[in-house]
Amino acid sequence: MAILVYAEHDNASLKKATLNTIAAAKQMGDDVHVLVAGSGAQAVADEAAKADGVTKVLLADNAAYEHQLAGNVALLVADIAGDYSHILAPATTTGKNFMPRVAALLDVSMLSEISAVVDANTFERPIYAGNATATVKTSEDKVVLTVRTTAFDPVASEGGSASVETLDNVQDLGKSSFVNEEMAKSDRPELTSASIVVSGGRALANGENFTKYIEPLADKLGAAVRSSLAAVDAVGLSDGLVEGRGHQRAGAAVGKVDGVHGLDIVAHTDAVAAEDALIGVADDGGRAFVDGVLGLPVLEPDPVHAHAVSQLQQM
């Protein structure tokens, strides 16, 4: 049977998290279908059809799916689930919202945030904030799971030539409706797609220092911003800045950590382990943990970083 991947999108373009999820799906089987549920989302379906490894794209284009309300999307996915052995979605706000409903409708258990595929029914997933990894084998006839996107390299966005099939399948639970959304406007990249992430810890002492040092540095480097949990609790930063709490997982290849104590890094193992290197760990404890336990190289500030710091000092 085929494998179904739910596409993460904004009705205009495909999100990178979908490409990571397709990569995970390809490790379970060769016949990968992508479901695009939205309104005015033909461009998203066309984009998904070009992704490497996709054999078919299903487009459910209707006003009922414009805001991807969990009740409506779950009914749609459950309705077409009979043709699929596996149903995958990125472990994002959207995926975490509707996938448990899909599992309940299908009367199967769900695996959340898998980080590796052992075989078609056996997976690894982080537990204890990433300090341990559990290997889980499911005996369900239909496997429903979300994917930790940072654990899988994305497939190529070009090179595929899948067909696009339009679904005449409107599911409207009728128990909720979209009212409005308020989104912070920022020129910085999203955390899930940023190649550089600048993070601040408790050593910054207060929110003013975070704004003064971390945010300008992020702007200089074209980076996303996050903070440690300790900084939120001790310094009073926004809860949404904590990686994972805002339902976004960092996708950075290189992270920049300023003023992050070793204990903060321990608490952030789940996030840090997804990165390839850390630049400028603040103390010896943090350096020892990253180098010795996580096995990541700790880079000294490079010319780009040094230039950014120099610019900051002149501001």
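Here are a few notes on a helix, a small sheet and one valine in this predicted model.

1. Ground rules. Residues are numbered from 1 along each chain as its sequence is written, and side-chain values use heavy atoms, with hydrogens and water left out. As the model is predicted, local features need pLDDT of at least 70 and side-chain atom pairs count only at pLDDT 80 or more, while totals for chains, interfaces and linings use all residues.

2. Helix α4, residues 93-106 (helices are DSSP runs of H or I, at least four residues, and strands are runs of E, at least two, numbered from the N terminus). With 14 residues at 1.5 Å each, α4 should span 20 Å, and its end C-alpha atoms are 21 Å apart, which agrees; the expected span is 1.5 Å times one less than the number of residues. Right after α4 comes Asp107, with a positive phi near 60°.

3. What α4 packs on. Its buried residues (under 20% relative accessible area, with exposed over 50% and partly exposed in between, 1.4 Å probe, protein chains only) are Thr94, Gly95, Phe98, Met99, Val102 and Ala103. These pack against β1, α3, β4, β5 and β9 (contact means heavy atoms within 4.5 Å).

4. The β6-β7-β8 sheet. These three strands make an open, antiparallel sheet in that order (strands pair if DSSP finds at least two bridges between them). β6 and β8 are the edges, each with a single partner strand, so one side of each has no neighbour in the sheet. Six bridges join β7 to β8, and Arg125 sits opposite Ala134 in β8.

5. Val197. This residue of strand β11 counts as buried because its relative accessibility is 1%. Its C-alpha atom is 7.5 Å from that of Ala218, 21 residues apart along the chain.
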